[in-house]
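Biologist: I've got a model open and a handful of questions about it. Mind walking me through them?

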Amino acid sequence: METQHDIRRRDRAAAIALLGLVVALGVGLVLRRSLPDPSDGPEEAARLQRDAVLFDRFSARRERSAEGDRFSVSLRLRTSASVSLPCSVFVVARNDGLTPKLWAIWPPQAPGPAITASGHFHGGTPAAGYEMTLTDAWERVTAIFPNPHSGSFDVVLVYVVDPAGRILLSRPFRV
């Protein structure tokens with residue numbers, strides 16, 4: 001016959017086993033969500049990777065010519081994996097130290113789905129950007145801003161957005 005002590009010991013062991021099972025299921029669920037699903041394909045795996053898009057050789061300079069002043073930004077982009085990754089690129093040049101604040105976006109567009117009236121990117125419409133397909137080979141992107149203003153830009157922000165609107169790269173550069 002089971003004593004009260006034996007029943008408590010059995011109940012305690014069952015509770016510990018149940019707690020261990022819940023913890024194991026929780027850890028398994030977290031690991032499953034953090035790893036790419038092989039059935040999603042290589043494009044989705046690249047998107048989920050922390051550094052899906054890499055950049056190199058950023059340069060920004062003010063240029064003067066007979067046609068007028070302009071601000072030129074250039075950089076190279078590629079994927080960190082051997083996949084083709086369709087995306088849109090946006091380049092925002094800003095100077096918040098001026099009054100009124102100075103900003104411009106490339107490709108040129110009015111405030112709306114991709115950029116607010118105050119010059120902040122919110123990427124609602126990826127198709128409004130410069131469309132390209134990145135691979136593991138470097139691709140040059142050159143953004144030209146006509147700059148008729150007397151002030152210059154002090155920061156350039158580069159955004160690479162996938163077709164679903166997820167930001168794959170968001171990188172500020174001081175100029």
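Biologist: Let's start with pairing: in S6, what is the bridge partner of Arg 76?

Modeller: Keep in mind that this is a predicted model. Arg 76 lies in strand S2, and S2 pairs with S6 in the antiparallel sense over eight bridges. Look across to S6, and the bridge partner of Arg 76 there is Arg 140.

Biologist: Does Arg 76 count as buried or exposed?

Modeller: The cut-off for buried is under 20% relative accessible area. Arg 76 comes in at 17% relative accessibility, so this arginine counts as buried.

Biologist: With which side chain does the side chain of Arg 76 make a polar contact?

Modeller: Skip the neighbours within four places in sequence, and Arg 76 is in contact with Leu 54, Phe 55, Asp 56, Arg 57, Trp 138, Glu 139 and Arg 140. The polar contact, side chain to side chain at 2.6 Å, is with Asp 56.

Biologist: Zooming out, which are the edge strands of the open sheet?

Modeller: That sheet has three strands in the order S1-S2-S6, paired antiparallel. An edge strand pairs on one side only, and that fits S1 (53-65) and S6. From one strand to the next, the twist averages 15 degrees. So much for the layout; the edges are S1 and S6.

Biologist: Now the packing: which strand gives the largest share of the largest nonpolar core?

Modeller: That core has 25 residues, and Val 53, Leu 77, Val 91, Phe 145 and Val 160 touch the most other members. Strands giving two or more residues include S2 (68-79), S3 (85-95) and S7 (155-161). The largest share is five residues, and it comes from S3.

Biologist: And how many residues are in the second core?

Modeller: This one is separate, and its members include Phe 90, Ala 114, Tyr 159 and Val 161. Nonpolar side chains tend to be buried together in soluble globular proteins. The count for the second core is ten residues.

Biologist: Last one: where is confidence lowest in the chain?

Modeller: The chain averages a pLDDT of 80, with 75% of the residues scoring at least 70. Confidence peaks in S5 at 95, while the lowest mean, 52, belongs to helix H2 (residues 41-48).

Biologist: Which stretch has a pLDDT below 50?

Modeller: Beyond near neighbours in sequence, the stretch in question has two contacts in the model. Where pLDDT is low, the predicted coordinates should not be read in detail. The stretch you want is residues 29-38.

Technical notes
Residues numbered from 1 in each chain as written. Heavy atoms only, no water. Core = buried A, V, L, I, M, F, W, Y, C linked by side-chain atoms within 4.5 Å. Buried < 20%, exposed > 50% of the residue type's maximum accessible area, 1.4 Å probe, protein only. Helix = DSSP H or I, 4+ residues; strand = E, 2+ residues; numbered from the N terminus. Pairing = 2+ DSSP bridges. Axes fitted to C-alpha atoms, helices over the stretch in contact; angles between N-to-C directions. pLDDT = per-residue confidence, 0-100. Contact = heavy atoms within 4.5 Å. Polar contact = N/O pair within 3.5 Å; in protein donor to acceptor, adjacent residues only side chain to side chain.
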